[in-house]
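Colleague: Please take me closely through one part of this model, the strands and what lies around them. Start with the terms I will need.

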Amino acid sequence: MAARISFSTKSGVLRAAAPLIELEARAMAHAARGESLLLASLIEIGSILTAQREKALPEIIQAMEKTKATLSATFGANGLESMALRHFCGTYFSFKQAAEIDVLLDYAHSADPKVRSLLIATTLSTASELVNTVGKHFAQPIRPHDKSGKIKPTLYSLAARDREKPVLMTFIGILEKYIANGSSQFENQVIRSDYAEFLESPEFDADIVYADPPYTRDHYSRFYHVLETLALRDDPEISNNTAHGRTRPSRGVYRTERHQSPFCIRSEAPAAFDQLFRLVASKGVPLVLSYSPYASERNAHPRVMTMEAVTELAKRHFKSVHVESVGNFSHSRLNKTDLNKEISYEAEYLLLCNL
Ligand SMILES: C[S@@+](CC[C@H](N)C(=O)[O-])C[C@H]1O[C@@H](n2cnc3c(N)ncnc32)[C@H](O)[C@@H]1O
């Protein structure tokens, strides 16, 4: 006789997701034997929130409808208990992993405040370990088909690489690492804030400022939006995309009002740097600023400002500005194709700004 599994309110999301989880197990088993149609269709449809129904096989639509109905009956249509599943299943994680992330989030968010941050951080690291995208960050979800519409021959191995990772064991491994590392021996405080708001706030109390602003047009929120949503657990609206005359929810499941940094926008960066220099100088403390020289790599993502322009702005507010290379150094890459680009040395400079 099959064992009966009982689901608590916390784990009810797994019961709701069962039709999709079973279908996915079948899809992976077929794909392992070289028949990837079901797997490709499951990945192509996108998450419950962004589902492109016209591209899906009828059995997938049926399973999704069943899951949605159980979720609604258990938690309400937009219950936070099923947020990760509804937003990110299929697109970034397997259906099972997404439902299990919801369970972890439920435990983390309802835990004693003393351990809540540790459990949320462990859940975020778990999500980073599991994510199934080309570059292992939260952009560029897998495209199961090539341009001619054929299923990519590498689809199964790419999906199996991440989608079969066990959530609980991954979580426990990371939790053990976090506990073993303990907290810093130095006093520290973490503040989440816009740089200018923080520099102007009474909380600012420092003898020196080190700033490491973005230097390309790629907004960080493009690569971390899933982690942000999991951390906030706020069930945000999804932004739309218009392509070929059709508007639909973004394939990457981006939250609306995703943070756009002025440091990543050409027309806004000079004013953002000017404000950074002015506010730090007004506090009477020195500033160390990291920046990367303009297009030091062949094919590199262009820098928003040149080193020279940033240095000139700094000189308006600080008496002495020295530029020093940090030596041989290469930046982490955003995706695999970047591996082909020439590695740049002297990729990072420090501006030492004194009053
Ligand atoms: C080059 S990264 C810094 C990396 C960091 N030094 C580290 O080792 O993890 C740039 C950071 O600036 C943050 N950022 C962008 N615009 C900002 C703003 N207006 N206020 C505060 N932080 C901002 C981005 O979110 C990103 O985390």
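Modeller: A helix here is a DSSP run of H or I with at least four residues, and a strand is a run of E with at least two. Both are numbered from the N terminus. Keep in mind that this is a predicted model.

Get your bearings before we zoom in. The chain has twelve helices and six strands. Its C-alpha trace spans about 80 × 50 × 40 Å along the principal axes. Of the 355 residues, 32% are buried. Take the contacts in the chain with a separation of 6 or more: 68% of them join residues 24 or more positions apart. The chain is divided into two domains. Domain 1 covers 12–181, and domain 2 covers 195–217 + 265–354. Their C-alpha centres lie 37 Å apart.

Now to the strands. Strands of a sheet pair through backbone hydrogen bonds, either parallel or antiparallel. Four strands of this chain form an open sheet, and the order is β1-β4-β6-β5. The pairing is mixed. At the edges sit β1 (209–211) and β5 (320–325), each of which pairs on one side only. From one strand to the next, the twist averages 15°.

Walk across the sheet from β1. Its partner is β4 (residues 287–291). The two run parallel and are joined by three bridges. Look for Tyr210, which stands opposite Val288 in β4.

Next, go from β4 to β6. These two run antiparallel, with five bridges between them. Here Leu289 has Leu351 in β6 as its bridge partner.

The last step joins β6 to β5. This pair is antiparallel too, and six bridges hold the count. Ser320 stands opposite Asn354 in β6.

Stay on β6 for a moment. In a regular strand the side chains alternate between the two faces of the sheet. Strand β6 (residues 349–354) shows two such faces. Tyr349, Leu351 and Cys353 make up the covered face. Leu350, Leu352 and Asn354 make up the uncovered one. Two of these names should be familiar: Leu351 is the bridge partner of Leu289, and Asn354 stands opposite Ser320.

That leaves β2 and β3. Strand β2 (residues 240–243) pairs with strand β3 (residues 246–249) in the antiparallel sense. Four bridges link them. Asn240 stands opposite Pro249 in β3. The two strands form a hairpin with two residues between them. In this hairpin His244 takes a positive phi near 50°.

Why mention a positive phi? Most residues other than glycine have a negative phi. His244 has company along the chain. Follow the loop between β3 and α11 (269–282), and you reach Val253. Its phi is near 55°, a positive value in a residue other than glycine. In the loop between β3 and α11 you also find Glu257. Phi of Glu257 is positive as well, near 55°.

Are these two loop residues buried or exposed? The cut-offs settle the matter: 20 or more other C-beta atoms within 10 Å means buried, and 12 or fewer means exposed. Val253 has 24 C-beta neighbours inside 10 Å, so it counts as buried. Glu257 has 10 other C-beta atoms within 10 Å, so it is exposed.

Finally, look at the ligand. Which residues surround the ligand? They are Asp194, Tyr195, Asp212, Pro213, Pro214, Tyr220, Ser261 and Phe263. By class, the shell has five nonpolar residues, one polar residue and two charged residues.

For contrast, glance at two helix residues. His30 is placed in helix α1 (residues 12–32). With 15 other C-beta atoms within 10 Å, His30 is partly exposed, because its count lies between the two cut-offs. Beyond its neighbours within four places in sequence, His30 is in contact with Glu35, Leu38 and Leu39. Tyr156 is 126 residues away from His30 along the chain, yet their C-alpha atoms are separated by 9.5 Å.

Ile61 is found in helix α3 (residues 58–75). It has 14 C-beta neighbours inside 10 Å and so counts as partly exposed. Leaving aside neighbours within four places in sequence, Ile61 is in contact with Arg53 and Ala56. The C-alpha atoms of Ile61 and Ile48 are separated by 9.9 Å, and these residues are 13 apart along the chain.

How values were computed: Residues numbered from 1 in each chain as written. Predicted model: local features only at pLDDT ≥ 70, side-chain atom pairs only at ≥ 80, totals over all residues. Contact = placed C-beta atoms within 7 Å. Near = placed C-beta within 6 Å. Nonpolar A, V, L, I, M, F, W, Y, C, P; charged D, E, K, R; others polar. Pairing = 2+ DSSP bridges. Domains from an automatic or database assignment. Axes fitted to C-alpha atoms, helices over the stretch in contact; angles between N-to-C directions.
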